[in-house]
Amino acid sequence: MTTGRGWSPGGAGLGGRVAVVAGSTRGIGLAVAYALSGQGVSVVVNGRDKAAVDDTVTEIRGGGGYAVGVCGSAGDDGVAQTMVDVALEEFGALDIAINCAGIAEPPGSTVLTIAPEDFRAQVDAHLMSAFHLVQASGRIFAEQRAGSIVLTGSAASLGMFGGSGYPAAKGGVNALALAAAADLRDDGVRVNVVMPGAKSRLSTGEDYIAHIEGLHRRGILDDLTRDAALDPAPPEYVAPLYVFLAGDAAEHITGNIFSAAGGFIGRFESQQASFVAYRDHKDTSPYSLAELADILA
């Protein structure tokens, strides 16, 4: 069996499993849906555009795969639950939940200029979609004591690509994943994050190029990062990491945040506070401002 974009089965041990993929009609999500189908996974496709959902389902089925579609924003209440319900109704199981849903921040947006409604839209599209999918699928996975959740983060959460709502929401995705992984570990549920770099509608176009060049001129991006951002690899290069994390070969990997772009794969270390100062509060007063200035200057 083969499916769209030339994906074919081989070695992942995922045949016969069922996945829901939020935001899977374009870019990275589409590549992930094709990659899963190529491994014999039945896929619930999701997107805001019904025509795009139908086209993706048709292409997967045309390649010999199994797919159904659910139209709607995964950030809206009830859509992720509908995806889970459809997976159970149509395929009789659910094993994998992946969130690739997202939208671009308004061109030129900064923390000083973004409208509150645009900021909320970013949180809904990225963080709330992740929350809804984790909760809806996590309840099934916890009951059956097995399941893999993969969320999509972004290097923007590190503050290196400017913006406001987008990096804030993506930072929330990382925190949600770490908390959920710890919360669900004893239930046999794995939660991980991929922070991908790939060519998509969010990383192309005149507005995107102007944004990256502007960050470079301001010294926020160095030459190497700017060049990589302006020439990202196709999404098919990051899709295999999502598929790997969904499978049994990654059964001991949870609570991890990965970076993937083209041929590069990185893993972020756990955030730990470096030692600055200490004194026992039981027999000392709070630090004075002068002491803090001496310690932290």
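1. In which helix is Leu296 found? Leu296 belongs to helix α9, which covers residues 289-296. The model discussed here is a predicted one, and residue numbers count from 1 along each chain.

2. Leu296 has a relative accessible area of 58% and is therefore exposed, the cut-off for that label being over 50%. Leu296 also contributes to a nonpolar patch on the surface, together with Val276, Tyr287, Leu289, Leu292 and Ile295. The area of this patch is about 550 Å².

3. The strands deserve a point of their own. Eight of them form an open sheet with mixed pairing, in the order β3-β2-β1-β4-β5-β6-β7-β8. At its edges lie β3 (67-71) and β8 (264-267), each of which pairs on one side only. From one strand to the next, the twist averages 20°.

4. Within the sheet, how many bridges join strand β1 and strand β4? There are four bridges, and the pairing of β1 (residues 18-22) with β4 (residues 96-99) is in the parallel sense. One residue pair can be looked up directly: Ala22 has Asn99 in β4 as its bridge partner.

5. Two helices can be placed against these strands. Helix α4, residues 116-144, lies across β1, β4, β5 (147-152) and β6 (189-197). The direction of α4 is at about 175° to β4. Helix α5, residues 165-184, packs on the sheet as well and touches β5, β6 and β7 (257-261). Between the directions of α5 and β6 the angle is about 160°.

6. Is helix α8 mostly covered or mostly uncovered? Helix α8, residues 239-246, is mostly covered, with six of its eight residues buried. The buried residues are Ala239, Leu241, Tyr242, Val243, Leu245 and Ala246. Their cover includes helix α1 (27-38) and the strands β4, β5, β6 and β7.

7. A last residue to inspect is Ser42, in strand β2, which spans residues 42-47. Why does Ser42 count as buried? Its relative accessibility is 10%, so Ser42 falls in the buried class, for which the limit is under 20%. Leaving aside residues up to four places away in sequence, Ser42 touches Arg17, Val18, Ala19, Tyr66 and Phe91.

8. For a check by eye, two residues give the opposite ends of the accessibility labels: Leu296 in the model is exposed, whereas Ser42 is buried.

Key
Predicted model: local features only at pLDDT ≥ 70, side-chain atom pairs only at ≥ 80, totals over all residues. Heavy atoms only, no water. Patch = residues over 30% accessible without salt bridge, like charges linked within 9 Å, V, L, I, M, F, W, Y side chains within 5 Å. Areas by Shrake-Rupley, 256 points an atom, 1.4 Å probe, with all protein chains shown as cover. Salt bridge = Lys/Arg side-chain N within 4 Å of Asp/Glu carboxyl O. Buried < 20%, exposed > 50% of the residue type's maximum accessible area, 1.4 Å probe, protein only. Pairing = 2+ DSSP bridges. Axes fitted to C-alpha atoms, helices over the stretch in contact; angles between N-to-C directions. Contact = heavy atoms within 4.5 Å.
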